[in-house]
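Let's take a walk through a protein model, one piece at a time. Keep the structure open beside you and find each part as it comes up.

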Amino acid sequence: MMFHHKDQLSGHSVPAKCITDLSAEKCVPCNRKGLSPMTEGSANALKPKVPEWELLSDGGVMKLRRKWKVKNFLSGLELFKIVADLAESEGHHPDLHLVGWNNVTIEIWTHACGGLTQNDFILAAKIDKLPFESHLK
Ligand SMILES: C[C@H](O)[C@H](O)[C@H]1CNC2=NC(N)=NC(=O)C2=N1
């Protein structure tokens, strides 16, 4: 079974497996009218590219989620700053949670369309490459 999704730039339908290295891609503006979230099938097809991330449906809104345990509260904030700099340069922003002083959860979804786009997978793959090892427990 091959899943296709609409490329956000060209609008063409491309097989999800054509995207080889997500972290080499760039997020595209997602404020376009008529932008629709990818199907659950496409999301499942892209999921192996970001194996550390959990795919979930939050009241019908598909999201990516990853959790970390950080050394201390300040480490959590420093991790957020590293992620924030990436988010700013991509123009795509995750939801950042720091709960119970050292539990970091990041959720990624495209608010503009109420679900997942290729941007979310690109951001997740890029977050996975960030150097925040020293902040982790
Ligand atoms: C113009 C710009 O692309 C939009 O305002 C962006 C900013 N960052 C965003 N980030 C996320 N995750 N979802 C959005 O819909 C979104 N919109």
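## A helix under cover

Helix H3 is mostly covered: 10 of its 10 residues are buried. If you'd like to find them, they are Gln118, Asn119, Asp120, Phe121, Ile122, Leu123, Ala124, Ala125, Lys126 and Ile127. Keep in mind that what you're looking at is a predicted model.

What do the buried residues of H3 pack against? Their partners are H1, S4, H2 and S6.

## The overall layout

Now step back to the whole protein chain. You can count 3 helices and 6 strands in it. Starting at the N terminus, the order of elements is β-β-α-β-β-α-β-β-α.

The chain has 137 residues, and buried ones make up 29% of them. Contacts also reach across the sequence: take those between residues at least 6 apart, and 66% of them join residues at least 24 apart.

## The nonpolar core

The largest nonpolar core holds 24 residues, and the members that touch the most others are Val50, Leu64, Ile108, Phe121, Leu123 and Ala124. Two or more core residues come from each of these elements: helix H1 (40–46), strand S4 (61–69), helix H2 (73–90), strand S6 (103–108) and helix H3 (118–127). Which element gives the largest share of this core? That's H3, with 6 residues.

Valine 50 is a good place to zoom in. Setting aside neighbours within four places in sequence, valine 50 is in contact with Leu64, Phe121, Ala124, Ala125 and Asp128.

## H2, a helix with two sides

Next up is H2, with its 18 residues. From its first C-alpha to its last, H2 reaches 26 Å, close to the 26 Å you'd expect at 1.5 Å a residue.

Which residues of H2 are buried? They are Ser75, Gly76, Leu79, Phe80 and Val83. These buried residues sit on the same side of H2 because they cover an arc of only 140 degrees around the axis. Turn to the other side of H2 and you'll find Leu74, Lys81, Asp85, Glu88 and Ser89, which are exposed. As for the buried residues of H2, they pack against strand S5 (95–99), S6 and H3.

## Just after H2

Right after H2 comes glycine 91, with a positive phi near 70 degrees. Glycine 91 belongs to the loop between H2 and S5. It counts as partly exposed because it has 13 C-beta neighbours inside 10 Å. Leaving out neighbours within four places in sequence, glycine 91 is in contact with Cys27 and Pro29. Serine 42 is another story: glycine 91 and serine 42 are 49 residues apart in sequence and 23 Å apart in space, C-alpha to C-alpha.

Histidine 92 is also in the loop between H2 and S5. Is histidine 92 buried or exposed? Histidine 92 is buried, because 23 other C-beta atoms lie within 10 Å, and 20 or more is what it takes to be buried. If you skip neighbours within four places in sequence, the contacts of histidine 92 are Cys27, Cys30, Ala87, Asn119 and Leu123. Measure up against serine 42 again: histidine 92 and serine 42 are 50 residues apart in sequence and 20 Å apart in space, C-alpha to C-alpha.

## Around the ligand

Glycine 91 and histidine 92 turn up again here, as part of the ligand's surroundings. The full set around the ligand is Pro29, Cys30, Asn31, Gly91, His92, His93, Thr110, His111 and Ala112. How many residues of this shell are nonpolar, polar or charged? The split is 3 nonpolar, 6 polar and no charged.

## Two exposed loop residues

Let's finish with a pair of loop residues. Tryptophan 101 sits in the loop between S5 and S6. Its phi is positive, about 60 degrees, although tryptophan 101 is not a glycine. Tryptophan 101 counts as exposed because it has 10 other C-beta atoms within 10 Å, and 12 or fewer makes a residue exposed.

Alanine 24 lies in the loop between strand S2 (13–15) and H1. Alanine 24 is exposed too, with 10 other C-beta atoms within 10 Å. How far is alanine 24 from aspartate 128 in sequence and in space? They are 104 residues apart in sequence and 12 Å apart in space, C-alpha to C-alpha.

Technical notes: Residues numbered from 1 in each chain as written. Predicted model: local features only at pLDDT ≥ 70, side-chain atom pairs only at ≥ 80, totals over all residues. Near = placed C-beta within 6 Å. Nonpolar A, V, L, I, M, F, W, Y, C, P; charged D, E, K, R; others polar. Core = buried A, V, L, I, M, F, W, Y, C linked by C-beta atoms within 7 Å. Helix = DSSP H or I, 4+ residues; strand = E, 2+ residues; numbered from the N terminus. Contact = placed C-beta atoms within 7 Å. Expected span 1.5 Å × (residues − 1). Arc of directions from axis to C-beta.
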